[in-house]
Amino acid sequence: MATDTIDLIPVVDISEFISGGPGAGAVVEKIRTAATESGFFLVTGHGVDPAATKRLYDLAYAFFDEPQDWKVGVGRGKDVEGGVAFAPMKEEALAGTLGRKTPGDLKESLNFGPRLAGDTWPDRPAGLEAAFRDYFAEMETLARHLRGIFCTAIGLAPDFFEKDFENHLSALRVINYPEQSEPPEDGQLRAGEHTDYGFMTILRSEASAGGLQVQRRDGVWLDAPNIEGAYVVNIGDAFMRWSNDEWVSTPHRVANPPSGFHGTARRQSIPFFLNPSAETMIECLPPFAKDGAKYEPISFADYIALKTSQAFGG
Ligand SMILES: O=C(O)CCC(=O)C(=O)O
Ligand SMILES: [Fe+2]
């Protein structure tokens, strides 16, 4: 029901927190509640430049319109720090991260991180790299505001996390979910059920037939609300561990368009995966340690290696 969705995934205008206005405390309280109940909320009043978002959206759209043969030649190497990587249709099956074998996800993506390995940027569409870098910088600013909100909500100094994000390993991805001309295979989705591994994800979502769904604790899948210009924020697994499981990383997926759907179902989303630096220690935050820490301290690099080996059985 719509009321359930809006209660569980509330829309929070964070402008009063950013400007230090009298409503800042209410912003913090709303986000604390959402982060502990569903791990998902939408933000408005975030200050992100809409032109930077549109530029990245439009250039990535033009990239995905290029012929498949050409696209698969882009960014398969690992030699360029801050390069680009293209992942073709069905290459990734996100449900595999939960140990489930499904056919590959019905999506393709372009991936970038200033400290992540990729390949030389393609020469077309012109301005693609600059659009990724500009939008990445916008996300860094928003992420800093959100970290400030998180710290205030938890009772930490507002800059508690800042040293851990000086050399952050965040990743920016644009995903294209094309029209589906053939029915999906059994168990095949646009993006299979998963949780995100990092600290938090900031997603530029898009309303379409076949969109983002979030799992309620009783197992029911809810459609995430779509509000033009708002960002969907969700807590990742590393932050859940850091908070001694008080802030929750919730399973989500991207549904297929309904079978027999005849309208336009192409969808493009832009997740920014905020990750700390490799050496950051994920160690129960003091305000959550009262009844004992559930987990041993672990570096972010070791944590990702552990998650990957758990997911892929290696
Ligand atoms: O495309 C979306 O709306 C969500 C994608 C997602 O959850 C992911 O890539 O981790
Ligand atoms: Fe995700």
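Two strands count as paired if DSSP finds at least two bridges between them. The legends below describe close-up views of a predicted model.

**View 1. Strand E10 is paired with strand E13 in the four-stranded sheet.** Strand E10 comprises residues 212-215 and strand E13 residues 252-254. The two run antiparallel and are joined by three bridges. Within this pairing, Gln213 has Arg253 of E13 as its bridge partner. The sheet is open, with antiparallel pairing and the strand order E8-E13-E10-E11. Its edges are formed by strand E8 (191-194) and strand E11 (221-223), each of which pairs on one side only. On average, and with direction ignored, neighbouring strands of this sheet are turned by 25 degrees against each other.

**View 2. Strands E10 and E11 form a hairpin.** Five residues lie between the two strands. In the turn, Gly219 has a positive phi of about 100 degrees. The strands of the hairpin run antiparallel, with three bridges between them. One partnership links Gln215 to Trp221 in E11.

**View 3. The iron ion (ligand 2) is held by three side chains.** The coordinating atoms are NE2 of His194, OD of Asp196 and NE2 of His252, at 2.1 to 2.2 Å. Along the chain, these donors follow the spacing H-x1-D-x55-H. His194 and Asp196 are both buried. Two of the strands in View 1 supply ligands to the metal: the range of E8, 191-194, includes His194, and the range of E13, 252-254, includes His252.

**View 4. Ser205 occupies the loop between strand E9 (200-204) and E10.** With a relative accessible area of 13%, Ser205 is buried, because the limit for that class is under 20%. Apart from its neighbours within four places in sequence, Ser205 is in contact with Asn226, Val232 and Arg267. Of these, Val232 falls in the residue range of strand E12 (231-235), and Arg267 falls in that of strand E14 (residues 267-274). Tyr295 is 90 residues away from Ser205 in sequence, and their C-alpha atoms are 33 Å apart in space.

**View 5. An open sheet of eight strands has mixed pairing.** The strands follow the order E1-E2-E12-E9-E14-E7-E5-E4. Strand E1 (11-13) and strand E4 (84-87) are the edge strands, each pairing on one side only. From one strand to the next, the twist averages 25 degrees. At the E4 edge, four bridges join E4 to strand E5 (residues 108-112), and the two run antiparallel. Phe86 stands opposite Leu110 of E5.

**View 6. Strand E7 (residues 171-177) is mostly covered, with seven of its seven residues buried.** Ala171, Arg173, Ile175 and Tyr177 point one way from the strand, while Leu172, Val174 and Asn176 point the other way. In a regular strand, side chains alternate between the two faces of the sheet. On one side, E7 pairs with E5 in the antiparallel sense over five bridges; here Leu110 stands opposite Val174 in E7. Leu110 thus links this view with the preceding one, where its counterpart is Phe86. E7 is also joined by five bridges to strand E14 (residues 267-274), with the two running antiparallel. The bridge partner of Asn176 in E14 is Gln268.

**View 7. Helix H3 (residues 24-37) crosses helix H6 (residues 128-154) at roughly 85 degrees.** The axes of the two helices come within 9 Å. With this crossing angle, H3 is roughly perpendicular to H6. H3 contributes Val27, Val28, Ile31 and Arg32 to the contact, and H6 contributes Ile149, Phe150, Thr152 and Ala153. These residues divide into six nonpolar, one polar and one charged.

**View 8. Helix H3 lies across strands of the eight-stranded sheet.** The strands concerned are E1, strand E2 (40-44) and strand E12 (231-235). H3 runs at about 155 degrees to E1, and E1 is itself an edge strand of the sheet.

Note on methods. Residues are numbered from 1 along each chain as its sequence is written. Chains are lettered from A and ligands numbered from 1 in the order in which they are written. This is a predicted model: local features need pLDDT of at least 70, side-chain atom pairs count only at pLDDT 80 or more; totals for chains, interfaces and linings use all residues. Side-chain values use heavy atoms; hydrogens and water are left out. Donors are N, O and S atoms within 2.8 Å of the metal (3.2 Å for Na, K and Ca); water is not among the atoms, so sites may look incomplete. Buried means under 20% relative accessible area, exposed over 50%, partly exposed in between (1.4 Å probe, protein chains only). Axes are lines fitted to C-alpha atoms, for helices over the stretch in contact, and angles run from 0 to 180 degrees between N-to-C directions. Angles under 35 degrees count as roughly parallel, over 145 as roughly antiparallel, 65 to 115 as roughly perpendicular and the rest as oblique. Contact means heavy atoms within 4.5 Å. Ala, Val, Leu, Ile, Met, Phe, Trp, Tyr, Cys and Pro count as nonpolar, Asp, Glu, Lys and Arg as charged, and the others, Gly among them, as polar.
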